[in-house]
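Tutor: Let's go through this fold with the cut-offs on the table. Challenge me on any term you like.

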Amino acid sequence: MTLITSFRNAIVRHLKESRTDKKYRYEHKSVVVAGRELVAEISEICSPKLVLATEDAELPSSLLSCETYRAPRAIIDKICAQTNSDGIVAEFPMPQQAETLTGSHFLVIDRIADPGNLGSILRTATAFNWNGIFFLPETVDPFNDKVLRASRGALFKTKFTMTTWDAIQTFKTQRNLPAYTAHIKGKPISKVSCQTGCLLVLSHERTGPSSDAFEFGDFVNIPMSGKMESLNVSSAGSILLHHFRPAGST
């Protein structure tokens, strides 16, 4: 097992660039995941390209046959941009987009910018067994390391595609699906049901739905007490994803 001691080592530079540089990440079709539990969880689905761990880190059984290197904690922390990490980081093949999305319930991500918000939404959609996710332009990269961490690697488990409004409109028409956009002036969700299928649009945290989203479907909202004007998109998204979830998902 090779010991890496230099911050300038090619593997260290590669992992750091894969984590921080979107263009580099997509060119190499790799994502970097940090943390023993998350690395172990994803490795049950997809084998890592390589694992880098501190000398004293105990590897999960699912990683014992992987190409593994050891390094001082300072190097691991630099790659992860964390202090006091648990000493394990892995490079995985980037999950590939689905050529077609099948099923009945689909989530549309409309320019959500915060990695933590997007990660939480993806985790919730996966937990409630939504069939697929559409990512529109200007959305934060779903393979950003903060998104991966917040989502618990959801895109290794759920089908997705990067797309455009024109393509989604065609998909909606071909599948004859209703569409709902979260908006404060929408119809209360208690009066809306989509047991047979739908497209649910969640939009930018500050500016709300894009002009295309305004024309895409009906507005829906979550009735509140009036003590707060609105909910964070990840909080609202969790409620909507549960309310409109596919039958039999829980």
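Tutor: Let's start with axes: they are lines fitted to C-alpha atoms, for helices over the stretch in contact, and angles between N-to-C directions run from 0 to 180 degrees. We're working with a predicted model, where local features need pLDDT of at least 70 and side-chain atom pairs need 80 or more, while totals for chains, interfaces and linings use all residues. Residues are numbered from 1 along each chain as its sequence is written, and side-chain values use heavy atoms, leaving out hydrogens and water.

Student: Why are α1 and α4 called roughly parallel?

Tutor: Helices and strands first: they're DSSP runs numbered from the N terminus (H or I, at least four residues, for a helix; E, at least two, for a strand). The axes of α1 (residues 10-20) and α4 (residues 73-80) come within 8 Å and cross at roughly 25°. Angles under 35 degrees count as roughly parallel, over 145 as roughly antiparallel, 65 to 115 as roughly perpendicular and the rest as oblique, so this pair lands in the roughly parallel class.

Student: Which residues meet between α1 and α4?

Tutor: On the α1 side V12, L15, K16 and R19, and on the α4 side I75, K78, I79 and C80. Contact means heavy atoms within 4.5 Å.

Student: What makes β1 and β2 edge strands?

Tutor: Two strands pair if DSSP finds at least two bridges between them. Five strands make an open sheet with mixed pairing, in the order β1-β4-β3-β5-β2. β1 (2-3) and β2 each have a single partner strand, so one side of each is left without a neighbour in the sheet. β1 pairs with β4 (residues 68-70) in the parallel sense over two bridges, with L3 bridged to R70. As for helices, α1 packs on this sheet, touching β2, β3 (50-53), β4 and β5, and its direction makes about 95° with that of β2. Helix α3 (residues 36-43) lies across β2 and β5, at about 30° to β5.

Student: How do you know that β2 is paired with β5?

Tutor: Five bridges join β2 to β5 (residues 88-93), and the two run antiparallel. The pairing rule is met. Across the way from V32 you'll find E91.

Student: Is β2 (residues 30-34) mostly buried or exposed?

Tutor: Buried means under 20% relative accessible area, exposed over 50%, and partly exposed in between (1.4 Å probe, protein chains only). In β2, five of its five residues are buried. S30, V32 and A34 are on one side, V31 and V33 on the other, so to speak a strand with both faces covered.

Student: What about the other sheet, and which strands are its edges?

Tutor: That one is open too, six strands in the order β8-β7-β6-β10-β9-β11 with parallel pairing. β8 and β11 (218-221) have a single partner strand each, so each keeps one side without a neighbour in the sheet. The average twist from one strand to the next is 35°. β7 and β8 run parallel and share three bridges, where F135 is partnered with M162.

Student: Which helices lie across that sheet's strands?

Tutor: α7 lies across β6, β7, β9 (179-188) and β10 (198-203), at about 160° to β6. Helix α9 (residues 233-243) covers β6, β9, β10 and β11, at about 170° to β10.

Student: Why is the F106 and F171 pair given its name?

Tutor: Rings of Phe, Tyr and Trp (its six-membered ring) pair if their centres lie within 6.5 Å; planes under 30 degrees apart are stacked, over 60 edge-to-face, the rest tilted. By this rule there are 10 aromatic pairs. F106 and F171 sit 5.0 Å centre to centre with 85° between the planes, hence edge-to-face. The pair ties β6 (residues 105-110) to α7 (residues 165-175), 65 residues apart in the chain. F106, at 0% relative accessible area, is buried, and F171, at 13%, is buried as well.

Student: What makes F135 and F160 a pair?

Tutor: Their centres are 6.1 Å apart and their planes 70°, which is again edge-to-face. F135 in β7 (residues 132-135) and F160 in β8 (residues 160-162) are 25 residues apart, and both are buried. Together with Y26 and F143, they form one aromatic cluster.

Student: How do you know that K172 lies over F216?

Tutor: For Lys NZ or Arg CZ, the cut-offs are within 6 Å of the ring centre and within 35 degrees of the ring normal. K172 lies over the face of F216, at 4.8 Å from the ring centre.

Student: And why is T181 called buried?

Tutor: Its relative accessibility is 0%, so it counts as buried. T181 lies in β9, and its contacts beyond four places in sequence include V201, S203, P209 and F219.
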